[in-house]
Structures are given as structure tokens and as C-alpha cells.
Amino acid sequence: MNSMCTILVISIASLLVVTVSPFQVESQFSLLMPNAKPTQPETYLCTTIRLDKNTTHYITGFNPQAEMGTAHHMLLFGCEEPGLREPLYSCGEMGIQLLGTKQASPCRSGQQVIYAWAKNAPELTLPTDVGFKVGGQKSGIKFLVLQVHYASIDNIPRSGDKSGVILRYTDRPQRKRAGVYVLETGGMIPAKTTSYMETACKLNTKLKIHPFAFRTHTHALGRVVSGWRVSPGMQWSLIGKKDPQLPQMFYPIADQRMTMTGGDTIAARCTMVSFRNRITWVGAMAEDEMCNFY
């Protein structure tokens, strides 16, 4: 199979507990679709907000406001410059453009994945003293862009869709920065077969990284997705393994004492089972496939 590794964020997150410090004052911000009215399934829509360039904030939690019957998945990007400075624009790889909107990628520059949601995953709270650094002069993230991939339009009210996420944040500096590594594959799955899709990426960093959670993502054919840390001496240690048909949330890793650094390799494998009479290619549509490990 063709494979690729996309390192979208090179920051780190650590610690194991999931309670918020009693001395930390947090605020909330609702980043929601502005009553979007997609007219067909498989539409990708984005909405953009500009962050305060004079104040740095730290995102510490995510409360999704979506339902899998409508939203196939949601992604939250941090950008230096968004694809468009618009309240709503089309942002799908396959070119489905909602009438009355412009077409662009989620980010024009500096794209980083901050959060991902699918299959009715629950709320996510980061470990104590960990946050995604955004806004201000030195975070590299000047805008947030929410992308929603619509699976169905049947249950969207006449007033429009407001899928999205409520962000918990603070301006109190966090001791450790959160970040996301994403491994992806290309390729295809032959008809009526069990196939294995694999990808690996060698870390190029001097940082000591403390993984604390993992997330898997496939479409309908995925059965198992696993991720591994591979040392320079070829010692394999399980990061996490999950059925991607379960809620696609961030789950605790297998060994909470694990650390990674430069020279280590992150590897992932997806087991795909197809009963279809056709080849299934990796792609952006629900009838395509994906093999992603976060």
C-alpha cells in the first residue's frame, strides 16, 4: 500500500490525570457552524475565527456539539492564514461547492490539527497543566478553522446546522504544550479481501514527547487500527489499538510512562475487511476509505 506520514504539529503534551487545577480560571467559546445549509451529503464546509494577536490563550478542553447522523466528522485546524477569511466557505478535497460560498482549503499556511471528532465521541479534557497554545505573537496559530464533513442533510433544521465544538481555554500559561501527530496512508483495498495498510514516520525533534492519548479513524471497512513506538534498536511498544467503528475519541495510551524523542519511529497499521464487489480507494468521501492514527 502507498503510505505517508503527515506531522501536523511538533509540540508536546504530557501528564496523566484529567482534572483541572482549582487555581485555573477557564472560559468557554462556542465555535459552531453559522446555520450552515448544505444541499447534498459529502459537502465539506469551514468557518473561521481570528484570534487575539495580543493575547495568548491555551485550549484545555473540547465539548463536541454534533451528531453522527449529520456530521461524518469534524476537524479543528490552527492556521497562520486560513483558506478564506469568511464566516462560511466550501473546503472539501473533492470540489463540492455550496452555492453562494467560495472554495478553498481549510488553511492557506501553517496548518495544524488541534482536534478531531467522529462517531459521537464524547467530551475531551486535556491533562492538568497541558494546553494548545493559540493566538498572541509567538504561537504560530492566528486563526482557528472548523471543518465539518456532512454525512447527511436529512436532519438539518430549516434554520441551518450549528454543529461544532465548545472550547475551554485560559490565558494562564500551561507548563506543557499539547500537539497532534497524524499518520495517514494512501492506497486501495481490493474487492472481497482482508487487507493491511501501514505507515511509519521517524521523529525529527530534540523534544521529549509524552503521549497520553490516541485516536483512530477509518470509514466502514476498518476493523482494527494500532499505533506503535519503534526505538532505534527496533523495540516495538504499543501506543494504542482500537476498533475504529467505536466512537472515534481520544483514548488513553497503553503505557502511560512512555516517552518519545528524535530517532524513534511512530508506526501504524489498519486492518481492512471488504465484502464489496469493487476496489475501495483511500479518499475523502464516506464511500472511500481512510487509515489514520492520531
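A charge is taken to sit over a ring if NZ of Lys or CZ of Arg is within 6 Å of the ring centre and within 35 degrees of the ring normal. In this predicted model, K242 meets that description, lying over the face of Y251 at 4.4 Å from the ring centre. A second case involves R215, whose charged end sits over the ring of Y294, 4.9 Å from its centre. These two contacts offer a convenient way into the structure, and the surroundings of their rings are taken up below.

Before the details, a word on confidence is in order. The mean pLDDT of the protein is 91, and 91% of its residues reach 70 or more. Residues 1–23 are a stretch where the pLDDT is below 50, although the model gives this stretch 83 contacts beyond near neighbours in sequence. Where pLDDT is low, the predicted coordinates should not be read in detail.

K242 also has a place in the strand pairing, where it belongs to β21 and stands opposite V225. Strand β20 (residues 222–230) and strand β21 (residues 236–242) run antiparallel and are joined by six bridges. The hairpin they form has five residues between the strands, and in it M234 takes a positive phi near 70°.

Turning to the aromatic residues, the count of ring pairs comes to six. One of them brings together F214 and Y251: the ring centres are 6.0 Å apart and the planes stand at 40°, so this pair is tilted. Its members come from distant parts of the chain, with F214 in strand β18 (residues 213–214) and Y251 in strand β22 (residues 251–252), 37 residues apart. Both rings belong to residues shielded from solvent, since F214 is buried with a relative accessible area of 3%, and Y251 counts as buried at 13% relative accessibility. Next to Y251 in sequence comes F250, which pairs with Y294; here the centres are 6.4 Å apart and the planes lie at 80°, so the geometry is edge-to-face. F250 lies in the loop between β21 and β22, while Y294 is in the segment after β25 (292–293), so this pair ties together parts 44 residues apart in sequence. F250 is buried as well, with a relative accessible area of 16%, and Y294, the residue whose ring lies under R215, counts as buried at 12%.

Elsewhere, strands build an open sheet of five in the order β7-β3-β12-β5-β9, with antiparallel pairing. Its edges are β7 (89–90) and β9 (112–118), each of which pairs on one side only. Within the sheet, seven bridges join β3 (residues 44–50) to β12 (residues 143–150), and the bridge partner of T47 in β12 is L146.

Several of these strands also contribute to the largest nonpolar core, which has 51 residues; F62, I114 and L144 touch the most other members. Two or more residues of this core come from each of β3, β4 (56–65), β5 (71–79), β9, β11 (130–135), β12 and β13 (164–170). Leaving aside neighbours within four places in sequence, F62 is in contact with L76, I114, Y115, E123, L124, F132, V165, I166 and L167. Apart from this core lies another, of 20 residues, among them I189, I253, M258 and M260. F62 has an aromatic role too, as ring pairs link F62, Y115 and F132 into a cluster.

Note on methods: Residues numbered from 1 in each chain as written. Predicted model: local features only at pLDDT ≥ 70, side-chain atom pairs only at ≥ 80, totals over all residues. Heavy atoms only, no water. Pairing = 2+ DSSP bridges. Helix = DSSP H or I, 4+ residues; strand = E, 2+ residues; numbered from the N terminus. pLDDT = per-residue confidence, 0-100. Contact = heavy atoms within 4.5 Å. Phe/Tyr/Trp six-rings, centres within 6.5 Å; stacked < 30°, edge-to-face > 60°. Buried < 20%, exposed > 50% of the residue type's maximum accessible area, 1.4 Å probe, protein only. Core = buried A, V, L, I, M, F, W, Y, C linked by side-chain atoms within 4.5 Å.
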